[in-house]
Amino acid sequence: MTETAAATAKARRSWKDVDLRAVAPFVALALLLVLGAFANPNFISVDNLLNVLTRSAFIAIIAVGATFVISAGGLDLSVGSMVAFVASLTILFMNSGAISDPTMTIVAAAVLAIAIGAACGLANGLITTVGRIEPFIATLGTMGIYRGLTTWLSQGGAITLRNPEVQSLYRPIYFGEIFGVPFPIYVIVITAAIGAFVLYRTRYGRHVVAVGSNEDVAHYSGIPVSRVRTLTYVIQGLCVAVACLIYIPRLGSTSATTGLMWELQAITAVVVGGTALRGGVGRIWGTVCGAFILEIVGNIMLLSNFVSEYLLGAIQGAIIIIAMLVQRSLVRKS
Amino acid sequence: MSSVSTPAPVDGVVPLLKVAGLSKSFGPVQVLKGIDLTVEAGQVHAIIGENGAGKSTLMKILSGHLQPTDGTTRIDGQPVVFSGPVDAEHRGIVLVHQEILLAPDLTVAQNVYLGREIAKGLVVDDKAMNEGARRAIRELGGDIDPTVTVGRLSIAQRQLVQIARSLLVPHRLVIFDEPTASLTPVETEALLKVIADIRARGTAVLYISHRLPEVKHIADKVTVLRDGRLVTTRDASGVEPVDMARLMVGRDVAKLYPDRAAAGVREIVLEVEDMSVPGYAEHASFQLRKGEILGFAGLVGAGRTELMEGMAGLRPARGTVRLAGKPVSFTNVHDSMKAGIAYLSEDRKGKGLLLAKDLKVNLTLASLGRFVRWWQVDRTLEREALDKAIAEFDIRTGRKDLLAGQLSGGNQQKLLLAKMMMLDPSIIIIDEPTRGIDIGTKEQIYKFIAGLAAEGRSIIVVSSEMPELIGLCDRILVMRTGHIVGEVAGDHMNENEIVVLATGVQAGEAA
């Protein structure tokens with residue numbers, strides 16, 4: 001009996017200590033699920049939900065990287081263009097026939113994509129840290145560069161995966177299932193789990209949050225601020241590369257408009273997930289939740305009749321503002 | 001024999017401001033308990049007390065920033081309730097904030113007139129504002145070009161601008177909240193002159209300060225607060241600084257500085273030769289011995305902080321540094337920390353601690369490598385370290401999951417000290433160790449510093465408080481405009497010697 005009392009006391013205290021800001025996105029997700037079920041019974045079916053989660057994979061994975069960048073007080077506007085650029089180069093490599101064996105082609109392409117993603121991220125990082133240019137401006141610049149290079153590579157048209165052997169071998173990476181769950185969902189979970197481990201558990205993660213919280217304090221504490229910052233952009237680049245690798249088999253093609261506005265969706269997912277845009281706090285699982293929310297809202301609009309799906313952008317814009325207002329009110333209360 | 005407590009007659013003896021039974025609670029915490037205070041025109045009335053005694057809260061109530069929970073306020077005998085700071089200002093009460101609240105990118109005149117710009121139609125009248133700002137600053141005995149941006153001014157100059165800004169509105173009572181906390185002796189003296197002028201014009205002044213000799217010097221009346229209660233109000237002529245300190249703390253504080261065993265001549269652990277920090281310090285050379293406490297005195301802007309930061313690898317510097325005879329050079333802080341040098345910044349809130357993070361994160365931030373097990377930061381080890389630090393440095397915190405920003409200034413300083421001691425440094429540089437800290441905690445910090453020296457660590461104390469340097473240090477080096485201009489030690493350790501070196505002006509020469 002004493003044990004139960006102690007347990008309840010403990011539970012009560014921990015309930016009071018729960019950070020509402022961390023919980024809010026999950027509550028919002030639950031409410032959306034209920035709302036969706038009322039709007040259209042088909043919404044809540046397992047097939048539909050798995051489908052929605054699968055489609056959220058790109059933004060969710062990219063947003064995990066964005067959580068690092070934003071937690072450290074940075075910003076990366078170039079991720080959408082980077083997706084187009086990395087995916088285009090990867091497809092061009094697979095089309096080049098440099099390696100005859102289709103399996104080896106895909107493996108080499110994956111390595112290449114990751115190397116290019118990391119390099120693009122490194123470029124962003126070095127421009128902001130060594131070049132001391134505001135992240136907003138620096139990545140606005142690289143956003144134009146990556147997009148422009150893609151347009152040039154595709155000569156204004158599309159870049160399409162041509163080798164049918166590679167195509168059929170690569171297809172399951174997006175369309176395949178394990179135990180009935182689409183493969184991209186595993187990729188989301190694994191990426192987020194690694195991200196959460198790094199951000200919450202490791203020394204580097206602690207440094208990221210310290211740099212975002214107060215750069216001077218981090219510097220005076222002996223933390224290599226520039227290196228920590230630069231690495232967040234590299235992590236962002238790696239996440240973009242991973243997103244590309246599951247994006248390519250979906251359409252088998254890229255164009256100058258691939259990944260358009262994805263940077264805004266990724267930032268929205270991060271902010272809706274409870275990460276502060278000014279840095280210092282990062283919530284990986286909140287971010288993933290934010291990406292789900294964005295995709296689910298679109299899905300509900302598609303399945304219901306009372307809001308035109310052409311208003312999707314407007315609704316997503318409203319979500320980010322509402323999320324900020326809710327966060328602000330929660331801060332004031334606590 | 002004492003004055004009777006009947007209502008004052010109408011013929012001008014009505015006090016300017018009279019509060020009675022003033023109380024203030026924040027939730028369940030009562031921070032002010034039944035304060036009675038009378039402020040008269042043409043007087044400087046000092047309010048002293050330890051941190052947390054309720055001084056700032058009282059001042060915020062009197063200036064309309066906070067509403068009292070209970071009690072009455074009368075101006076000229078008429079009961080008033082302030083709806084906010086603007087209302088208080090309309091009634092002639094202005095508060096000069098402790099922090100400097102100016103926009104660094106705007107000019108002096110733009111700041112002075114911020115929010116009450118002079119305009120001709122739709123266009124602001126820069127000429128009139130520049131003239132007005134220049135005149136207002138002149139009246140305070142300063143000479144600052146009203147067209148320079150505030151970001152380029154020294155702290156003392158900014159303060160003058162802030163005061164000029166406050167005094168622009170018609171005022172009858174000016175409240176100064178620790179105005180001299182970041183000023184050097186010379187600047188302080190100038191400010192005290194300004195306050196004397198304000199008083200001479202028939203304005204009442206409420207003056208909050210930790211610096212008791214200053215209070216003794218300037219005040220007509222002294223009110224002591226302790227734990228939210230008014231201890232006493234006396235004529236300043238009747239109380240000495242020692243009495244004030246005793247009244248503030250509620251016990252004897254005759255022994256603020258710890259006794260230290262006289263250290264014999266010990267080996268040199270740090271040798272700095274011809275160190276230059278571009279723009280701040282030039283050709284500085286000094287030595288530090290094992291177990292020694294070495295003071296650095298000088299005016300603000302003399303380059304003390306920058307010299308220390310340059311040596312610790314926090315900013316670019318040239319010169320030779322030898323640790324135990326071996327030449328070293330630090331291109332970043334990490335290297336100097338590894339070599340056993342810890343630097344505690346004077347800017348506790350801006351450079352020392354992550355105010356929005358909890359105590360544990362702050363404590364281990366500089367030494368996180370020690371807490372990594374299997375690539376993970378071990379939170380159990382961190383919690384143990386925090387428990388140990390709380391006990392060792394007497395960090396007073398109700399809960400261990402508080403944020404650093406929720407601690408008082410003194411406890412923040414203890415936390416910062418604990419954080420840097422996690423590095424187990426052999427050389428500790430402490431910049432302004434007791435700025436904005438109450439006298440009880442000061443005594444503790446001094447004891448910690450003396451204790452660390454007794455353990456065989458070597459300590460450099462940079463401070464603008466001369467009594468602190470004299471009470472604590474074995475030797476004091478004095479800097480002026482980027483140069484080390486002299487050393488005082490032994491019998492020569494007194495404020496006069498230091499001031500002469502720091503200013504380059506012989507006492508009496510200026511008069």
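## Helix packing, cores and the chain A–chain B contact

Leaving aside residues up to four places away in sequence, V86(A) touches A113(A), I116(A), G117(A), C120(A), V240(A), A241(A) and C244(A). The model is predicted.

V86(A) is also one of the residues that touch the most other members of the largest nonpolar core, together with I61(A), I62(A), V83(A), C244(A) and I429(B). That core holds 166 residues. Helix α13 (residues 225–251) of chain A gives the largest share of the core, 16 residues. Another core, of 70 residues, lies apart from it and has V44(B), I93(B), Y113(B) and V161(B) among its members.

Two helix pairs of chain A are set out below.

| Helix pair | Angle | Axis distance | Residue classes in the contact |
|---|---|---|---|
| α5(A) and α6(A) | about 150° | 9 Å | 11 nonpolar, three polar, no charged |
| α10(A) and α13(A) | roughly 170° | within 11 Å | five nonpolar, one polar, no charged |

In the first pair, helix α5 (residues 79–96) of chain A packs on helix α6 (residues 102–129) of chain A at an angle of about 150°, so α5(A) is roughly antiparallel to α6(A). The crossing of these helices is right-handed. On the α5(A) side the contact is made by M82(A), F85(A), V86(A), L89(A), T90(A), F93(A) and M94(A). The α6(A) side consists of T105(A), A109(A), L112(A), A113(A), I116(A), G117(A) and C120(A).

In the second pair, the axes of helix α10 (residues 183–201) of chain A and α13(A) cross at roughly 170°, and therefore α10(A) is roughly antiparallel to α13(A). P184(A), V187(A) and T191(A) of α10(A) make this contact with C239(A), V242(A) and I246(A) of α13(A).

Between the chains, 15 residues of chain A are in contact with 21 residues of chain B. On chain B, α10 (333–338), α11 (348–352) and β20 (376–377) each supply at least two residues of the side that touches chain A. By class, this side of chain B has 13 nonpolar, six polar and two charged residues.

Elsewhere in chain B, D259(B) sits in the loop between α8 (241–249) and β13 (268–277). D259(B) counts as exposed because 6 other C-beta atoms lie within 10 Å, and the cut-off for exposed is 12 or fewer. D259(B) and L472(B) are 213 residues apart in sequence, while their C-alpha atoms are 8.9 Å apart in space.

Definitions and conventions. Residues are numbered from 1 along each chain as its sequence is written. Chains are lettered from A and ligands numbered from 1 in the order in which they are written. This is a predicted model: local features need pLDDT of at least 70, side-chain atom pairs count only at pLDDT 80 or more; totals for chains, interfaces and linings use all residues. Axes are lines fitted to C-alpha atoms, for helices over the stretch in contact, and angles run from 0 to 180 degrees between N-to-C directions. Helices (H or I, at least four residues) and strands (E, at least two) are DSSP runs, numbered from the N terminus. Angles under 35 degrees count as roughly parallel, over 145 as roughly antiparallel, 65 to 115 as roughly perpendicular and the rest as oblique. A crossing is left-handed if the near helix is turned anticlockwise from the far one by less than a right angle, and right-handed if clockwise. Two residues are in contact if their C-beta atoms, placed from the backbone, lie within 7 Å. Ala, Val, Leu, Ile, Met, Phe, Trp, Tyr, Cys and Pro count as nonpolar, Asp, Glu, Lys and Arg as charged, and the others, Gly among them, as polar. A nonpolar core is a set of buried Ala, Val, Leu, Ile, Met, Phe, Trp, Tyr and Cys residues joined through C-beta atoms within 7 Å. A residue is buried if 20 or more other C-beta atoms lie within 10 Å of its own, exposed if 12 or fewer, and partly exposed in between; C-beta atoms are placed from the backbone.
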